Amino acid sequence: AVASTPQSVTSVRLRGGGHGGYMDQYEDNYNSEPGYDHYNDRFPPPPMEGGFVNGNRRYMGPGGRGDPMHPGPPTPRGPGYGLLTPTGPPNGTQTGGGCVMMVYGLDKDKVNPDKLFNIFCLYGNVIKIKFLKTKEGCAMIQMGDTISVERCISNLNNTSVGDMQIQLGFSKQAFLSDVAQPYNLPDNSLSFKDFMGSKNNRFINPTMASKNRIQGPSKVLHFFNTPPNITEETLKDLFEEKCDLRPNVQLFPMKGDRSSSGLLEFDSVENALRALMLCNHAPVKNPSGKFPYVMKLCFSSNRFPVNLNYQTKSEAGDKIE
């Protein structure tokens, strides 16, 4: 069987920030890259309620569940994909699983909110992260919805990130309140951060959410949104600098001049998780432009290296050539 592939359309966004802008590439057809398994239509978007996110209307399906195939009238507000202010019971607790989870087993000298975001954003929108001053090695993470928390627990509970073994569980709190005066962590970052407006969240709208493949930790990472002329040696040097690891690298053949992608193989799942925590969303110098690229990482189910001449369905995501 031969799967026809629509023409890839790429848009470029320049985003400003405290350290200047950076370049983000978005391919309308992510599956055009050989072996790319991050996006896949088999995984539907998480449950959502009505409202608006960045100008995109969110629909409610039967029973108030998010279902883009059965649109209904939107309600003015709701957690949806996690980018509107969530509501909860007045006492801040709920009996069932909610949107907040507990994370235990953290090394306070090695983590901060941004590093946790780099891991948990693979499973849903991250809304807020708070480290607990009274309970060392413990943090609370509010996700966009309950299903995102379930994904995190299912895929990450009792996993090792480097030499940390983390445990996850539902919190009794329905949502996290803002912290007016967060304390400083050992690396001088703040103990609380709001990610509600972060464009690095990957479930911002139904189209993005429906393309995310939910993949458990593996020792192979897929990288994308890197400069088109990047080399294997450059990538190895980048990871060695940031996490003292030199992965095996496979660059995918380019189908355009906007960006590059490929696979990274580490010697263990623990080190792949550590690399994800430290290097996801790392800026990569753009030799031909002012703004750096923002490298994005996710787990891959591919064997390393991918056979680019002949791909079975299991080797190349769902793309058959």
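**Two sheets and the helices that pack on them**

The buried residues of helix α5 are Asn271, Ala272, Leu273, Ala275, Leu276, Met277 and Cys279. The model described here is predicted. Helix α5 spans residues 269-279. After α5 comes histidine 281, with a positive phi near 70 degrees.

The protein chain holds five helices and 16 strands. Of its 321 residues, 51% are buried. Among contacts with a separation of 6 or more, 70% join residues 24 or more positions apart. The accessible surface of the chain is about 15100 Å². Carbon and sulfur atoms contribute 50% of that surface.

One open sheet has four strands. Their order is β12-β13-β11-β16, and the pairing is antiparallel. Strands β12 (248-251) and β16 (296-299) stand at the edges. Each has a single partner strand, so one side of each lacks a neighbour in the sheet. On average, neighbouring strands of this sheet are turned by 25 degrees against each other, direction ignored. Four bridges link β12 with strand β13, residues 260-265, and the two run antiparallel. Within this pair, asparagine 248 stands opposite glutamate 265 of β13.

Two helices lie across this sheet. Helix α4, residues 232-243, crosses β11 (220-226), β12, β13 and β16. Its direction makes about 140 degrees with that of β12. Helix α5 lies across β11 and β16 and runs at about 155 degrees to β16.

The two helices also meet each other. Two packed helices are described by the angle between their axes and the distance between the axes. For α4 and α5, the axes come within 10 Å and cross at roughly 85 degrees. Helix α4 is therefore roughly perpendicular to α5. On the α4 side, Phe239, Lys242 and Cys243 make the contact. On the α5 side, the contact residues are Arg274, Ala275, Leu278 and Cys279. By class, five residues of this contact are nonpolar, none is polar and two are charged. Ala275 and Cys279 also appear among the buried residues of α5.

Phenylalanine 266 sits in the loop between β13 and α5. Is this residue buried or exposed? Phenylalanine 266 is buried, because its relative accessible area is 5%, and the cut-off for buried is under 20%. Which residues does phenylalanine 266 touch, not counting residues up to four places away in sequence? The list is Lys219, Leu221, Phe239, Leu245, Pro247, Asn271, Ala272 and Ala275. Of these, Phe239 belongs to α4 and Ala275 to α5, and both take part in the contact of the two helices. Leucine 221 and phenylalanine 266 are 45 residues apart in sequence. In space, their C-alpha atoms are 8.2 Å apart.

A second open sheet has six strands. The order is β8-β9-β5-β7-β6-β10, again with antiparallel pairing. Here β8 (159-161) and β10 (192-194) stand at the edges. Each has a single partner strand, so one side of each is left without a neighbour in the sheet. Neighbouring strands are turned by 25 degrees against each other on average, direction ignored. At one edge, β8 pairs with strand β9, residues 164-170, over three antiparallel bridges. Valine 161 stands opposite methionine 164 of β9. Helix α5 packs on this sheet too, touching β8 and β9. The direction of α5 makes about 55 degrees with that of β8. Helix α2, residues 146-156, lies across β5, β7, β8 and β9. The angle between α2 and β9 is about 145 degrees.

Strand β7, residues 139-143, is mostly covered: five of its five residues are buried. In a regular strand the side chains alternate between the two faces of the sheet. In β7, Ala139, Ile141 and Met143 point one way, while Met140 and Gln142 point the other way. The residues on both faces are buried.

Strand β7 has partners on two sides. Strand β5, residues 100-104, is joined to β7 by four bridges and runs antiparallel to it. In this pair, valine 100 has glutamine 142 as its bridge partner. Strand β6, residues 126-131, is joined to β7 by five bridges, also antiparallel. There, isoleucine 129 stands opposite isoleucine 141 of β7.

Technical notes: Residues are numbered from 1 along each chain as its sequence is written. This is a predicted model: local features need pLDDT of at least 70, side-chain atom pairs count only at pLDDT 80 or more; totals for chains, interfaces and linings use all residues. Side-chain values use heavy atoms; hydrogens and water are left out. Two strands pair if DSSP finds at least two bridges between them. Axes are lines fitted to C-alpha atoms, for helices over the stretch in contact, and angles run from 0 to 180 degrees between N-to-C directions. Contact means heavy atoms within 4.5 Å. Angles under 35 degrees count as roughly parallel, over 145 as roughly antiparallel, 65 to 115 as roughly perpendicular and the rest as oblique. Ala, Val, Leu, Ile, Met, Phe, Trp, Tyr, Cys and Pro count as nonpolar, Asp, Glu, Lys and Arg as charged, and the others, Gly among them, as polar. Buried means under 20% relative accessible area, exposed over 50%, partly exposed in between (1.4 Å probe, protein chains only). Accessible areas come from the Shrake-Rupley method with a 1.4 Å probe; for residues, only the protein chains shown count as cover.
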